[in-house]
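Student: I am new to this structure and would be grateful for a close look at a single part of it. Please take me through that part in one connected account.

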Amino acid sequence: MSGNEPVEKRIQVSVWIWARLVLGLRIRGKGRRESGAFLLGHWTGQLGTVTRVVFYDQLDSHAYENGIIMFHGEGLATLWKICRNSGLEVIADSHTHGNMGTGQSVTDQRNPMIPEVGHTALIFPYFARMAPWSMRGVGVHEYLGNFKWRRHDKNGLSDRIRLTLW
Ligand SMILES: [Zn+2]
């Protein structure tokens, strides 16, 4: 041990991009269906900085058919293409639930969007009908591998995600 023990991943998002994410999820959900998006940006060690949001329907036009999110391999291929062309990396994924519950459904647990250990998945309550500058009440989940997850938010807040003003 040399004092270089790994620290927890941290993600920072400007309030402007965060508001675009919340409003984009809300508009797409129309108050009655789930929607989702990937947060892209850069990793500097364990610190991820989000610079861009890509909604599922921008990757797969059939993403919201049947009222639930059906995200297909085709959409992921498009995502990797965007990452390759822009030099951006995936920082987190996000989707909405229709009620206050921001725990993961069994389907969420069994289908990590990015099945990479340490990956962060966000869940917004009430189809993201919330103040667009707030992250209060958002579920923050870390993928541990083997379909196991760790929940990071407590009392509606998490220090894994930080909103910045720039
Ligand atoms: Zn879910």
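Which residue takes a positive phi in the hairpin of S2 and S3, and how many residues lie between the strands?

Tutor: The model is a predicted one, and the hairpin is a suitable place to begin. Two residues lie between S2 and S3, and Gly 45 is the residue with a positive phi, near 60°.

On either side of this turn are the strands themselves. S2 covers residues 36-44 and runs antiparallel to S3, to which eight bridges join it. One position in S3 to follow is Thr 49, the bridge partner of His 42. Thr 49 is also the bridge partner of Gln 12. That second pairing belongs to strand S1, residues 10-14, which pairs with S3 (residues 47-55) in the parallel sense over three bridges. S3 thus has an antiparallel pairing with S2 and a parallel pairing with S1.

Helix H1 spans residues 15-29. Its 15 residues reach 21 Å from the first C-alpha to the last, close to the 21 Å expected at 1.5 Å a residue. After H1 comes Lys 30, which has a positive phi near 50°. Among the buried residues of H1 are Val 15, Ile 17, Trp 18, Leu 21, Val 22 and Leu 25.

The strands and the helix meet in the largest nonpolar core, which has 22 residues; those touching the most other members are Val 13, Trp 18, Leu 21, Leu 122, Phe 124 and Ile 161. Two or more residues come from each of S1, H1, S2, S3, strand S4 (89-96) and strand S5 (120-124). The most come from H1, which gives five. Leu 21 illustrates how these parts come together: beyond its neighbours within four places in sequence, Leu 21 is in contact with Ala 37, Leu 39, Val 53, Phe 55, Ser 94 and Phe 124. A second core, separate from this one, has 14 residues, including Phe 38, Tyr 56, Leu 59 and Leu 88.

A last feature is the zinc ion. Its protein donors are NE2 of His 95, NE2 of His 97 and two OD atoms of Asp 108, at 2.0 to 2.6 Å from the ion. The donor residues follow the spacing H-x1-H-x10-D in sequence. Both His 95 and His 97 are buried. The arrangement of the four donor atoms is irregular because the angles they subtend around the zinc ion run from 55 to 160°. For four tetrahedral donors, the ideal angle at a metal is 109.5 degrees.

Technical notes:
Residues numbered from 1 in each chain as written. Predicted model: local features only at pLDDT ≥ 70, side-chain atom pairs only at ≥ 80, totals over all residues. Heavy atoms only, no water. Donors = N, O, S within 2.8 Å, 3.2 Å for Na, K, Ca; no water. Tetrahedral: all angles 85-135°; square planar, octahedral: opposite > 155°, others 65-115°. Buried < 20%, exposed > 50% of the residue type's maximum accessible area, 1.4 Å probe, protein only. Pairing = 2+ DSSP bridges. Helix = DSSP H or I, 4+ residues; strand = E, 2+ residues; numbered from the N terminus. Expected span 1.5 Å × (residues − 1). Core = buried A, V, L, I, M, F, W, Y, C linked by side-chain atoms within 4.5 Å. Contact = heavy atoms within 4.5 Å.
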